[in-house]
Amino acid sequence: MFYGSVVALITPFKDGSLDRKSLKKLIEFHIENQTDAIVVAGTTGESPTLTYEEHELLIELAVEYAHKRIPIIAGTGANSTHEAILLTKFAEKVGADASLQVVPYYNKPTQEGIYQHFKAIAEETNIPLILYNIPSRTGVDMLPETFARLYSDFPNVIGIKEATGNVARVSETISLTNEEVLILSGDDALTLPMMAVGAKGVISVANNIIPKEISQMCKLALEGKFDEALKIHNKYWDLFKVLFIETNPIPVKTAAYLMGLIDSGELRLPLYYMNSKNEEKLKDVLKKHGLIS
């Protein structure tokens, strides 16, 4: 149920608080535009700056607004194992369909520490767990052997969001597990190359603003129609790149506001509004694709 195009949803804020109206609007937008699943309270959703109460509220509201019409994957990872367990238990209790678990950041655990962290979460919960490997943000790389060990040992560890920027990781992971393992790209620019060697889709930033197109590209790739999928990939290559011209999610949140998808482009410090020159570059690409006038 998590194959295809999964959106790494931005978290709308207004006047310093969660913007419930915009959150509901975003979820309806993704249901209408064929997104396959929604990740809430992930790092694109500014989870490091959410209070614990906001984190829980965001998950609960997303489940409520989705009303079983689209799977909700709750970002409940943390650099504290205890906190990750508490958040994951909450997500399970309120009806989230899965949990996205980032490798503990800043702590820089060993491979055994990473294993023991996810082992503790897997043993304390029953919800499906998708692990998230992004060394550029966490400071440590979960090796394919560590993931394969977790995947083998715990039935609720169902897959991985792989954001190392290394397409070969897909083949390495499959060689250590099986061809059915859920591997999702963590980088829009690498989604199609990764799917060509066995990934099942993407947890996408670009999906926030072009959900139909990302969904169609993934659908075509899963059907083996790579020539047609490549046309979409090439068409939106410049958009994939400009959405990372500054730290994610600054550009995509700015784009969503410019497109009228959210009522405010408010970010949480230490994230801050775009540099004016970079914002003009973003606007140029959005205009080129007819996303703003």
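**Exercise 1. Work out how well helix H12 is covered, and what covers it.**

Step 1: Start with the count. Helix H12 (residues 250-258) is mostly covered, with seven of its nine residues buried. Here buried means under 20% relative accessible area, exposed means over 50%, and partly exposed is in between (1.4 Å probe, protein chains only). Helices (H or I, at least four residues) and strands (E, at least two) are DSSP runs, numbered from the N terminus.

Before going on, a word on the model. It is a predicted one, in which local features need pLDDT of at least 70 and side-chain atom pairs count only at pLDDT 80 or more, while totals for chains, interfaces and linings use all residues. Residues are numbered from 1 along each chain as its sequence is written, and side-chain values use heavy atoms, with hydrogens and water left out.

Step 2: Name the buried residues. They are Ile250, Pro251, Val252, Lys253, Thr254, Ala255 and Ala256.

Step 3: Find their partners. The buried residues of H12 pack against strand E2 (13-14), helix H11 (237-242) and helix H13 (276-288); contact means heavy atoms within 4.5 Å.

Step 4: Look just past the helix. H12 is followed by glycine 260, which has a positive phi, near 80°.

**Exercise 2. Trace the barrel and look at how some of its strands sit in it.**

Step 1: Follow the strand order. Eight strands make a closed barrel, E1-E4-E5-E6-E7-E8-E9-E10, with parallel pairing. Two strands pair if DSSP finds at least two bridges between them.

Step 2: Add the twist. Neighbouring strands of this sheet are turned by 25° against each other on average, direction ignored.

Step 3: Zoom in on E7. Strand E6 (residues 98-102) pairs with E7 in the parallel sense over four bridges, and valine 102 stands opposite tyrosine 132 in E7. Five of the five residues of E7 are buried, so the strand is largely enclosed by the rest of the structure. On one side these are Leu129, Leu131 and Asn133, and on the other Ile130 and Tyr132.

Step 4: Move on to E9. E8 and strand E9 (residues 182-185) pair in the parallel sense over four bridges. In this pairing, glycine 159 stands opposite leucine 182, and isoleucine 160 faces isoleucine 183. E9 has both faces covered too: Leu182 and Leu184 are buried on one side, Ile183 and Ser185 on the other.

Step 5: Put a helix on top. H6 lies across strand E7 (129-133) and E8, running at about 155° to E8. Axes are lines fitted to C-alpha atoms, for helices over the stretch in contact, and angles run from 0 to 180 degrees between N-to-C directions.

**Exercise 3. Place the two residues that UniProt lists for "binding site".**

Step 1: Read the record. The unreviewed UniProt entry lists Thr44 and Ile203. UniProt positions are given in the numbering used here, feature names are shortened, and annotations may be inferred rather than shown by experiment.

Step 2: Check whether they meet in space. They span 160 residues in sequence, yet no two of their C-alpha atoms are more than 10.2 Å apart, so they gather at one spot.

Step 3: Take threonine 44. It lies in the loop between strand E4 (37-40) and helix H2 (52-66), and at 4% relative accessibility it counts as buried. Leaving aside neighbours within four places in sequence, its contacts include Ala8, Asn208 and Pro249.

Step 4: Take isoleucine 203. It belongs to strand E10 (residues 201-204) and is buried, with a relative accessible area of 2%. Not counting residues up to four places away in sequence, isoleucine 203 touches, among others, Ala8, Lys161 and Leu184.

**Exercise 4. Sort out some ring interactions, aromatic and charged.**

Step 1: Set the rule. Rings of Phe, Tyr and Trp (its six-membered ring) pair if their centres lie within 6.5 Å; planes under 30 degrees apart count as stacked, over 60 as edge-to-face and the rest as tilted. The count comes to three aromatic pairs.

Step 2: Classify one of them. Tyrosine 115 and phenylalanine 154 are tilted, at 6.1 Å centre to centre and 45° between the planes. Tyrosine 115 lies in helix H4 (residues 111-124) and phenylalanine 154 in the loop between helix H6 (144-153) and strand E8 (157-162), so the pair ties together parts that are 39 residues apart in sequence.

Step 3: Turn to the charges. The charged end of lysine 161 sits over the ring of tyrosine 132, 4.0 Å from its centre. For arginine 268, the charged end sits over the ring of phenylalanine 13, at 4.2 Å from the centre. The rule asks for NZ of Lys or CZ of Arg within 6 Å of the ring centre and within 35 degrees of the ring normal.
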